[in-house]
Amino acid sequence: MKIFLDTAILDEIRAAVAWGILDGVTTNPTLAARAGRAFKENIVAISEIIGSQATVSAETVSLEAEAMVREAELVTSWAPNVLAKIPCTPEGLKAVRRCTEAGIPTNVTLVFNATQGLLAMKAGATYVSPFLGRIDDAGQNGMEVVKQLVHIKQNYDFATEVLAASIRHPLHVIEAALIGADIATMPFKILTQIIKHPLTDTGLKRFLDDWQTIPEGLRPF
Ligand code: E4P
């Protein structure tokens, strides 16, 4: 499963890149506002930090297809690894279809059920992003939607990658991986949580303490 960070904060992205496990970044207007920098400058900086093998999604904000396509053309012109994030509305799907025909990669966002996801796949989306945490918040089962989309993708051999979004805790990451989601995008806090375990820390301390009991001349370092 590819691991994406859901953030527009450059220091968080740099840290994850240094850990050697980052496959991409997703942003949205809320995250872009939190970054407190010019949008284009920030997306370009992210695209450089993550490198050409990873992608960054930059969201369009217009509500009509024609304007969405124009924004998609603009954001994807900033760097070769930028995708246009487009909301799953009728106008959004129309825009995604046009982008597909023009060779512009897209991430269909704000997907809350499997029918929306199916339509995004049919429109040729590069990624489809079910918001599982927000679905859970609404009293439904977000992971079930991810599962359905993975199944639908396999049934019809869609090229679209299923991107589990709105991840709220480590269990979401494990379940998404078990289901076979192509990608999981998560806040930096969760990426940090899934790396760490208290038993790793206590185990390491014990090993290092015991190492010190070996006489110095008998240790290579
Ligand atoms: C995904 O692309 C979205 O930016 C994100 O996952 C939304 O997460 P939230 O529901 O925690 O805001």
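In this predicted model, a polar side-chain atom of D6 lies 2.8 Å from an oxygen atom of the ligand. Two arginines also bring side-chain N or O atoms to ligand oxygen atoms: for R134 the distance is 2.7 Å, and for R168 it is 3.1 Å. The protein covers 86% of the 350 Å² of accessible area that the ligand has on its own.

**The ligand site**

The ligand sits in the largest pocket. Around the ligand are D6, T26, N28, K85, F131, R134, A165, S166 and R168. Sorted by class, this shell holds 4 charged, 3 polar and 2 nonpolar residues. D6, R134 and R168, described above, are among the residues around the ligand.

S166, also one of the residues around the ligand, has a phi angle near 60°, which is a positive value in a residue other than glycine. S166 is placed in the loop between β7 (161-164) and α9 (170-179). Its relative accessibility is 10%, so S166 counts as buried.

**The protein as a whole**

The protein has 221 residues, and 46% of them count as buried. Its secondary structure consists of 11 helices and 8 strands. The C-alpha trace spans about 75 × 35 × 30 Å along its principal axes.

**Single residues away from the ligand list**

L110 is another residue other than glycine with a positive phi, again near 60°. L110 belongs to strand β5, which runs over residues 106-111. With a relative accessible area of 30%, L110 is partly exposed.

S62 lies in the loop between β3 (55-59) and α4 (65-77). The side chain of S62 makes a polar contact with the side chain of E71, at 2.5 Å. Is S62 buried or exposed? S62 is buried, because its relative accessible area is 18% and the cut-off for buried is under 20%.

R14 is in helix α1, residues 10-19, and is partly exposed at 43% relative accessible area. V173 is in helix α9 and is buried, with a relative accessible area of 7%. The accessibility values of the residues discussed here are set out below.

| Residue | Relative accessible area | Class |
|---|---|---|
| S62 | 18% | buried |
| L110 | 30% | partly exposed |
| S166 | 10% | buried |
| R14 | 43% | partly exposed |
| V173 | 7% | buried |

**Distance along the chain and in space**

How far apart in space are R14 and I46, which are 32 residues apart in sequence? Their C-alpha atoms are 8.8 Å apart. A second pair is V173 and H197, 24 residues apart along the chain, with C-alpha atoms separated by 15 Å. Within the first pair, R14 is the residue placed in helix α1; within the second, V173 is the residue placed in helix α9.

**Summary of the site**

To return to the ligand, its place is in the largest pocket. Side-chain N or O atoms of R134 and R168 lie 2.7 Å and 3.1 Å from ligand oxygen atoms, and a polar side-chain atom of D6 lies 2.8 Å from one.

Terms used: Residues numbered from 1 in each chain as written. Predicted model: local features only at pLDDT ≥ 70, side-chain atom pairs only at ≥ 80, totals over all residues. Heavy atoms only, no water. Near = heavy atom within 4 Å. Polar contact = N/O pair within 3.5 Å; in protein donor to acceptor, adjacent residues only side chain to side chain. Areas by Shrake-Rupley, 256 points an atom, 1.4 Å probe, with all protein chains shown as cover. 1 Å grid on protein atoms, 1.4 Å probe; cavity = no way out; pocket = protein on both sides within 12 Å on 5 of 7 lines; lining within 4 Å. Sits in = over half its atoms within 2 Å of the grid points. Nonpolar A, V, L, I, M, F, W, Y, C, P; charged D, E, K, R; others polar. Helix = DSSP H or I, 4+ residues; strand = E, 2+ residues; numbered from the N terminus. Buried < 20%, exposed > 50% of the residue type's maximum accessible area, 1.4 Å probe, protein only.
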